[in-house]
Amino acid sequence: MRPLTLAASAAALGTFAAPAMAADLNVTVTVPQQTGAAYHRPYVALWIERAGAGQAAATPVRTLAVWYEVSNVAEGKDWLKDMRTWWRGLGRGMTLPADGVSSATKAPGRHTVSIPAARLRDLPAGNYSVVVEAARELGGREVVRVPFVWGRANTAQGTGRTELGAVSVAVTR
């Protein structure tokens with residue numbers, strides 16, 4: 001009788017402990033409509049970096065998404081270097097296309113990337129930033145950092161000026 005009670009207790013504890021540790025990360029990125037005759041969709045990289053004592057001390061942790069020209073893989077990869085911050089921190093070490101990370105460029109509008117808790121299970125609780133970098137042919141380059149806390153439910157927002165619009169981050173339980 002005792003082994004059954006112990007097993008039932010362990011199962012019940014696992015039921016309550018798993019949701020408390022699990023959290024999903026949702027990032028919404030607005031790609032603004034650009035004016036001009038020659039519009040090219042931007043390449044965009046989204047990643048997590050560990051907060052430090054300033055921007056120079058921030059440490060890239062994990063790429064969440066990369067939107068680039070996937071229909072012409074060779075040519076598309078050549079332009080990934082234009083997202084310099086991501087490329088230097090995480091990009092050049094990646095093999096692309098990467099399942100669950102790579103996708104085609106996005107048209108102007110709001111786009112949401114949802115990262116399930118299982119994909120971030122090894123991320124320790126603490127202060128981080130979601131970083132979104134966009135680079136566009138015949139356009140500009142822009143980086144938006146949105147700080148958030150991993151380990152509890154919270155939301156945060158940031159805004160770009162040219163290549164990116166509103167960026168929001170939500171950690172849900």
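In what sense do strand 2 and strand 6 pair, and over how many bridges? The two strands pair in the antiparallel sense, over 8 bridges. Strands here are DSSP runs of E of at least two residues, numbered from the N terminus, and two strands pair if DSSP finds at least two bridges between them.

This is a predicted model, in which local features need pLDDT of at least 70 and side-chain atom pairs count only at pLDDT 80 or more, while totals for chains, interfaces and linings use all residues. Residues are numbered from 1 along each chain as its sequence is written, and side-chain values use heavy atoms, with hydrogens and water left out.

**Stop 1: the sheet**

Begin by displaying the open sheet of 5 strands, whose order is 4-3-2-6-7 and whose pairing is mixed. Its edge strands are strand 4 (102-103) and strand 7, each of which pairs on one side only. Strands of a sheet pair through backbone hydrogen bonds, either parallel or antiparallel.

Select strand 6 (126-135) next. This strand is mostly covered, with 9 of its 10 residues buried; buried means under 20% relative accessible area, exposed over 50%, and partly exposed in between (1.4 Å probe, protein chains only). Facing strand 6 across the pairing with strand 2, Tyr43 stands opposite Ala135, and Ala45 stands opposite Glu133.

Now add strand 7 (residues 141-150). Strand 6 and strand 7 run antiparallel and are joined by 10 bridges; among the opposed residues, Tyr128 stands opposite Phe148 in strand 7. The two strands form a hairpin with 5 residues between them, and Leu138 in the turn has a positive phi of about 60 degrees.

**Stop 2: Trp47 in strand 2**

Select Trp47, which is found in strand 2. Is Trp47 buried or exposed? Trp47 is buried, with a relative accessible area of 2%. Its contacts (heavy atoms within 4.5 Å) beyond the neighbours within four places in sequence include Pro60, Leu64, Trp86, Leu90, Val130 and Glu133. Measure the distance from Trp47 to Val130: the C-alpha atoms are 5.7 Å apart in space, although the residues are 83 apart in sequence.

**Stop 3: the salt bridges**

Side chains of opposite charge can pair when their charged atoms come close. A salt bridge is a side-chain nitrogen of Lys or Arg within 4 Å of a carboxyl oxygen of Asp or Glu, and the count by this rule comes to 4.

Select Glu49 and Arg145, which form a salt bridge with their closest N and O atoms 2.7 Å apart. This pair links distant parts of the chain, with Glu49 in strand 2 and Arg145 in strand 7, 96 residues apart. Glu49 is buried at a relative accessible area of 7%, whereas Arg145 counts as partly exposed at 29%.

Move to Arg141 and Glu133, another salt bridge, in which the closest N and O atoms are 2.9 Å apart. Arg141 counts as partly exposed, at 31% relative accessibility, while Glu133 is buried, with a relative accessible area of 0%.

Then select Glu163 and Arg136, a salt bridge whose closest N and O atoms are 2.7 Å apart. Glu163 lies in the loop between strand 8 (154-159) and strand 9 (166-172), and Arg136 in the loop between strand 6 and strand 7, so the pair ties together parts that are 27 residues apart in sequence. Both Glu163 and Arg136 are buried.

**Stop 4: Gln34**

Keep Glu163 and Arg136 displayed and select Gln34, which touches both of them as well as Tyr39 and Thr162, not counting residues up to four places away in sequence. Gln34 is found in the loop between strand 1 (24-31) and strand 2, and is buried, with a relative accessible area of 17%. A polar atom of the Gln34 side chain lies 2.8 Å from the backbone oxygen of Thr162.

**Stop 5: Ala58**

Finally, select Ala58, in the loop between strand 2 (43-50) and strand 3 (59-67). Ala58 is buried, with a relative accessible area of 18%. Which residues does Ala58 contact, leaving aside its neighbours within four places in sequence? They are Glu49, Arg50 and Gly52. The C-alpha atoms of Ala58 and Tyr128 are separated by 8.7 Å, with the two residues 70 apart along the chain.

Notes: Helices (H or I, at least four residues) and strands (E, at least two) are DSSP runs, numbered from the N terminus. A polar contact is a pair of N or O atoms within 3.5 Å; within protein, one must be able to donate a hydrogen and the other to accept it, and residues adjacent in sequence count only if both atoms are side-chain atoms.
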